[in-house]
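I set out to record how strands and helices are arranged in this structure. My entries follow the order in which I looked things up.

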Amino acid sequence: MWSLSFAPLVPLPLLIGLAVLAALAAGAAIVLAGRSAILRALALVVLTLTLADPSLVFEDREPVKDVVSVVMDRSASNRLSDRSAQSQAAQAEIERQLRGIGNVESRIVEVRDAQGSGDGTRLFEALAASLADVPSERVAGAIVVTDGLAHDTPPTAEALGLRAPLHVLTTGREREIDRRIVLVDSPRFGIVGKDQTVRLRVLEKGGPGRAALTVRRDGEIIARREVVVGQTVSLPVRIDRGGPNVVEIEAAPLDNELTLANNRAVITIEGVRDKLRVLLVSGEPHPGERTWRNLLKADANIDLVHFTILRPPEKQDGTPINELSLIAFPTRELFQVKIKEFDLIIFDRYANQSILPLVYFDNIVRYVREGGALLIAAGPEYAGAQSLARTPLGQILPALPDGSVIDEAYRARVSEPGRRHPVTRDLPGSEVEPPQWGEWLRMVGARARTGSPVMTGPGERPLLMLAREQKGRVALFLSDHAWLWARGFRDGGPHLNLLRRLGHWLMKEPDLEEEALRAVSRSGTIEVERQTLGDNPAPVVVTGPDGQSRSIPLEPGRPGLFTARIPTSEFGLHRIAGDNLTAFASVGPENPRELMEVVSDPAQLSTLAEATGGSSRRIGQEGGSDVTVPRIVPVRSGSQFAGSDWIGLRISDSGIVRGVQISPLFVGLIGLALLFGALVAGWLGESGRRFNRKPDAAA
């Protein structure tokens, strides 16, 4: 490819000035001297060209293809109805037409859902990435096949950074119907036993204007309500338990609705217990009393009420009552009036010394059976005549004393049921035999009645018993020497782990349930965990948002734990059930942006496309399954690249220069010869004019 270039020997302003002076001088000479001055003007032209140093340049160019990016929207919203089929048909037609255009390279880019991100459809990020390695002059354009619902649309064509036409081909139909729930305000935490308010709106296209709502908490229906479409609605939701409370709000479907996925909103509200109230009653001062008090006071979430019996009724030393600086034990207020306000009652080395009438023990039994919790930390008194087992409490205690007290050094051991129980499973030091913790020196002999012995003492005797009593829970610690671990006796032991877990299990901490089913979603996989004291839990049944169910077997993991990993790509709430237990897992964002608005709309991207010289149009045919893809036309000039039935690509005819050959025109002998020839021609012309001039008539 040939071209002419200049490399001036003098600065360009000076060259322009000399050229102007030369032109003026040549013009004046021609006017004054006539045709004879043409040769002089020619000499000036040659001189000026010599100073400009013109050259002939030959470029060896290899043509390269222009690039067109074809972005295919494969997101969840563009898979609704027959949009996937429309997209496939459009892609096939676009590829066919592009193959017929010479010197164009097409790049197919598929945009899929980003699991768990909640960011919606990122069309323009994918478009920019596909053209990142292409010079802007080689970009012929971009064709996007989508439902028109992009969530990263740049505000202007300049922000898009595309110097070529953008064409949007929209799938879907003209008259689509859909209803959706929009959350206005949703709490993330709530106090157990209190109501939290969820505020929302129901929006729809093509519906009747009223919608029926169903509210579920952990799969159980707690409310039904009819609302007006478009109005903000407040729904109270009672937080039933600690830990995650999955609240699902569902709007009744419309006929021929695009999707039911956005008819449902899912909220996970973490139930937080307000101050847990614990009543600790110590029967007498003893070395382990401070251990229980320190443990409970260290927990900021526990409101502790502690009484120590310093002067039992049988102690008579003649001291007048008005001289005693002791607080009377408020038995009636604690065990009758306010007993239901406590989450846990602890009797620490308490003996039945006629301080509490039997009717108060009956109150405690009733309190436990209605959902309360009781812990007995027993000492030698539990084996004697004043044992709490001889009161009405005996009917709910998991072990009854056999009258013996074992005074010998021993290491407490986690039993086989204890290795599966969350209170004692993986207790630090229990993984080896003998356990790596200090010895205790005393325990009370007892016969197990109900529940599970999670720790044992010498001779496999039960040491720590855990049991359920109707709606409540009972724990029996048959030793008062746990404080030896706290004092570091013979290297101590994990007293904090043990006693804290024990207290939280009694107060129904969800993570310490011995029979539980849990599920969580991570990166498109539902991880199921089954906690059980049994050996072979039943398979779990997983029900997806579409109502389809499947049975999944569980694999054994750590003692007492069985797990399963369930891959899934379906956004929404999944229900997992097994052994009369139910768990829920929300895959993806709880309310995915991708499915909030699903009605296709070419107008969403029309402003951006038209600003680049392109267009946005619908390709789906109403009432049919065919699509209409406009003709794709190469355009080499102009600013508009679209018509009623065609879309254009900007063709640049770019190429790669493989070599360059430069041939100077006025340098060296050629330039000197031309300049000398022009001067000689001008001189000869002037001499000839003088030689041929006629003599003057006067002569």
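The entries below concern one sheet, a helix lying across it, and one pair of packed helices in a predicted model.

**Entry 1: the sheet.** I looked up the strand order and found an open sheet of 5 strands, arranged β4-β3-β5-β6-β33 with parallel pairing. I noted that β4 (104–111) and β33 (615–618) are the edge strands; each has a single partner, so one side of each lacks a neighbour in the sheet. From one strand to the next, I read an average twist of 15 degrees.

**Entry 2: one strand pair.** I then examined strand β3 (residues 66–73), which runs parallel to β4 and is joined to it by 8 bridges. Which residue of β4 is the bridge partner of V68? I found S106 in that position.

**Entry 3: a helix across the sheet.** I traced helix α3 (residues 83–99) across β3, β4, β5 (139–146) and β6 (166–170). Relative to β3, helix α3 runs at about 170 degrees.

**Entry 4: two packed helices.** I turned to helix α6 (residues 289–297) and helix α11 (residues 495–506), whose axes lie 11 Å apart at an angle of about 70 degrees. I therefore recorded α6 as roughly perpendicular to α11. The crossing of α6 past α11 is right-handed.

**Entry 5: their contact.** Which residues meet there? On the α6 side I listed T291, W292 and L295, and on the α11 side H495, L496, L499, R500 and L502. Sorted by class, the contact of α6 with α11 comprises 5 nonpolar, 2 polar and 1 charged residues.

Conventions. Residues are numbered from 1 along each chain as its sequence is written. This is a predicted model: local features need pLDDT of at least 70, side-chain atom pairs count only at pLDDT 80 or more; totals for chains, interfaces and linings use all residues. Side-chain values use heavy atoms; hydrogens and water are left out. Two strands pair if DSSP finds at least two bridges between them. Helices (H or I, at least four residues) and strands (E, at least two) are DSSP runs, numbered from the N terminus. Axes are lines fitted to C-alpha atoms, for helices over the stretch in contact, and angles run from 0 to 180 degrees between N-to-C directions. Contact means heavy atoms within 4.5 Å. Angles under 35 degrees count as roughly parallel, over 145 as roughly antiparallel, 65 to 115 as roughly perpendicular and the rest as oblique. A crossing is left-handed if the near helix is turned anticlockwise from the far one by less than a right angle, and right-handed if clockwise. Ala, Val, Leu, Ile, Met, Phe, Trp, Tyr, Cys and Pro count as nonpolar, Asp, Glu, Lys and Arg as charged, and the others, Gly among them, as polar.
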